[in-house]
Amino acid sequence: EDINDHSPVFSDERVTFDIPETSDPGSCFPLEGARDLDIGSNGIQAYSIAPENEYFSVSYGSRITGKKYLELVLEKPLDREEQSEMGFSLIAVDGGSPPRSGTTQVKIVILDVNDNAPIFTQEEYIGQVLENKPEGSVVLTVMATDPDAGVNGDITYQFSQAGGQSDSAFVIDPITGEIKLTKPLDFEAAETHELSVRATDGGGLSAICKVLVEVVDVNDNAPELVVSSFSSPLPENTAPGTVVALFTVRDRDSGANGKISCALEDQLFFSLRPAYKNYYELVTVSALDREETPQYILTVTAADAGSPPLTSTQTFTVDISDVNDNAPVFNQTSYTMYVRENNVPSVFVGAVSAADADEGLNAKVTYSLAPVQAAERPSCSCISVNSENGHVFVLRPLDYEHLRQTEVTVSASDAGSPPLRANVTLRLVVVDENDNAPLVLYPAQDSSPPSSELVPVSAEAGYLITKVVAVDADSGQNSWLSYHLLRATDPGLFTVGVQSGEVRLRRPVTERDTVKQKLVVLVRDNGKPPLSATAALSALLLKDFSDVRLPHSSPATEDEGGSLTTYLIISLVFVSVLFLISTTVFVARKVCKRKELKAGHVLYGADNLQSGLADAAAAGTLPRAYCYEISLTTGSGNSEFKFLKPILPSLPPQPCAVGQGPDEEQDFPCVPVSTEDMAPHNPGTLSAGQFN
């Protein structure tokens with residue numbers, strides 16, 4: 001009889017089942033039962049699971065054929081994601097008393113089935129990136145999980161096509177989920193980028209998440225100036241406040257990077273004035289002057305408030321157009337021009353010049369002679385001015401002796417509308433030419449024979465015989481006269497003062513000297529070439545003034561223009577006749593001399609002579625006191641009185657009479673007379689001939 005001395009024994013200590021997680025409840029998984037050597041009731045009676053498991057149970061029984069079966073029955077659906085494997089003990093119990101049991105370990109491995117799609121850690125990812133980030137910069141990383149295992153849990157990432165064109169700037173790593181830049185972003189082009197990322201597992205299940213990339217603005221855009229209107233050129237008489245240009249400014253950046261301020265570098269003549277919103281006006285603030293500044297180059301600078309700030313500039317070139325606001329200005333306050341007398345007609349003497357600060361027609365200067373006012377003295381009509389170049393011409397010959405200078409007013413006017421003009425005084429000075437020969441005033445050079453000057457033979461060297469007086473109508477050095485002895489009967493006897501014209505004795509008179517001396521004095525000016533004139537005079541060398549004789553020479557004999565032969569013949573005849581007459585007269589006078597002296601016979605009245613001598617004394621030309629005996633000839637229209645030897649020299653004036661002794665009655669007083677002072681120093685000096 002069998003006793004229960006054997007326990008059930010499983011053939012394997014561990015049994016492993018791979019069960020797909022998709023197995024339906026009620027699924028049976030056969031097990032190999034345990035063996036028990038005992039028989040009957042001592043054999044295996046039941047199986048159980050320890051610990052109890054809600055997913056599995058053990059089914060033990062006999063089939064119709066009577067064959068025993070042992071199955072592991074699935075009671076509940078498996079989920080590998082919750083529990084990928086489980087284990088329990090399968091216990092076989094026999095019917096002995098006490099019962100014996102055998103145990104084996106059952107391991108359930110739940111096989112994965114792709115029943116879970118990937119799941120992102122966030123439904124929406126938001127990332128920020130600076131717009132100046134370089135290519136390859138990581139924006140953010142997306143992450144998805146899949147509870148499946150193996151291939152079913154391997155996730156790959158990609159952009160969904162529904163993301164639009166924004167993903168062209170991004171690329172995603174399919175393994176790590178990193179989203180990187182493929183090119184720099186531009187905040188001004190797009191402030192945000194919306195992407196769709198798909199995560200797909202190995203079984204083909206996928207999930208989609210939204211990625212929002214916000215572009216952070218960087219101050220990478222300088223301000224822009226857009227000119228709406230601009231006026232150039234600008235008239236120089238434009239009133240202050242005139243709008244020259246209108247422009248707007250903008251900056252594509254945002255925030256402080258987009259705040260713009262404008263400034264004008266030179267605000268002396270122009271300034272900026274805000275109009276509305278981002279519009280500015282460039283206006284004038286003061287009067288303009290093209291002559292000072294014909295062109296203004298204005299620079300407007302726009303700067304944003306970024307850090308660092310960015311700037312941009314706009315240059316406005318404003319040309320200033322001319323207005324006729326400047327009269328011509330002469331380069332001299334007055335002009336003085338010179339022309340030599342006897343000039344050729346239409347001779348050029350100089351030019352006036354005026355400049356006008358304007359331009360174009362406003363600066364075109366024309367010249368003319370200003371009309372003479374009615375109250376003014378008419379100017380010389382001999383001056384002409386070229387209207388184009390201001391050249392001054394003298395139209396006719398001028399004579400310095402008649403016109404030494406003249407003044408005219410030259411006007412310069414521009415071609416503006418209305419024209420402006422300026423006047424200047426032009427003084428024309430006539431320069432003297434040596435065109436006038438000296439004029440001898442004394443002795444008079446007329447057709448009558450020259451008067452004779454009386455020279456006592458006792459006169460010493462330096463004795464003043466007479467003085468040649470001449471004038472020259474020219475001026476300056478042309479009128480500087482010099483006197484030279486041209487010819488003389490005895491050139492060594494006389495000398496002529498070069499500057500004074502005084503004819504003096506060079507040496508004392510000798511008995512061998514000819515009684516009548518003829519002199520020709522040359523008067524020459526200092527011009528180039530010099531002009532000259534001659535003065536003919538004669539001198540009588542007398543021992544005693546009572547021996548005065550007047551030789552009656554024929555004009556023909558003294559005519560130096562005759563031939564030498566004629567002159568010699570006439571001289572011979574004249575000398576012969578003169579010798580006979582002189583001899584006769586000499587004898588007669590010796591006889592009659594005493595009678596004439598006693599009778600006090602005077603051919604001319606004492607009153608007339610006294611009056612003439614008194615006038616000479618009053619003129620101050622007779623400084624020394626002398627009394628003279630006077631003898632006058634008769635019967636000749638050219639009679640002269642001559643000064644004879646002095647009586648009582650060096651005494652003061654006292655009464656006396658010609659031909660009377662001290663005790664006789666006096667007819668007229670003596671007056672102070674000097675032979676030197678009676679010489680003709682000038683045309684107003686007394687001479688012997690003037691008392692005829």
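Which residues does UniProt list for "transmembrane region"? The views below start with the whole chain and come back to that span at the end.

**View 1. The whole chain, as a predicted model.** Here's the big picture: 2 helices and 46 strands. The chain runs to 692 residues, and 38% of them are buried. Take the contacts between residues at least 6 apart in sequence, and 67% of those join residues at least 24 apart. The accessible surface adds up to about 38000 Å², with 52% of it belonging to carbon and sulfur atoms.

**View 2. Two cis peptide bonds, at Pro51 and Pro98.** Most peptide bonds are trans. The bond from Ala50 to Pro51 is cis, though, with omega near -10°. Look for Pro51 in the loop between strand E3 (44-50) and strand E4 (56-62). Ser97 and Pro98 are also joined by a cis bond, this one with omega about -5°. Pro98 sits in the loop between strand E6 (85-94) and strand E7 (101-111).

**View 3. The loop between strand E26 (334-340) and strand E27 (347-351), home of Asn342.** Most residues other than glycine have a negative phi. Asn342 has a positive one, near 65°. Ser346 lies in the loop between E26 and E27 too, and its phi is positive as well, at about 60°. Are these residues buried or exposed? Asn342 counts as partly exposed because its relative accessibility is 45%, and Ser346, also at 45%, counts as partly exposed too.

**View 4. The span from the opening question, residues 567-588.** UniProt lists residues 567-588 as "transmembrane region", in an unreviewed entry. In the model, this span is 100% helix and 0% strand. Its end C-alpha atoms lie 31 Å apart.

Notes
Residues numbered from 1 in each chain as written. Predicted model: local features only at pLDDT ≥ 70, side-chain atom pairs only at ≥ 80, totals over all residues. Heavy atoms only, no water. Helix = DSSP H or I, 4+ residues; strand = E, 2+ residues; numbered from the N terminus. Buried < 20%, exposed > 50% of the residue type's maximum accessible area, 1.4 Å probe, protein only. Contact = heavy atoms within 4.5 Å. Areas by Shrake-Rupley, 256 points an atom, 1.4 Å probe, with all protein chains shown as cover. UniProt positions renumbered as here; feature names shortened; annotations may be inferred.
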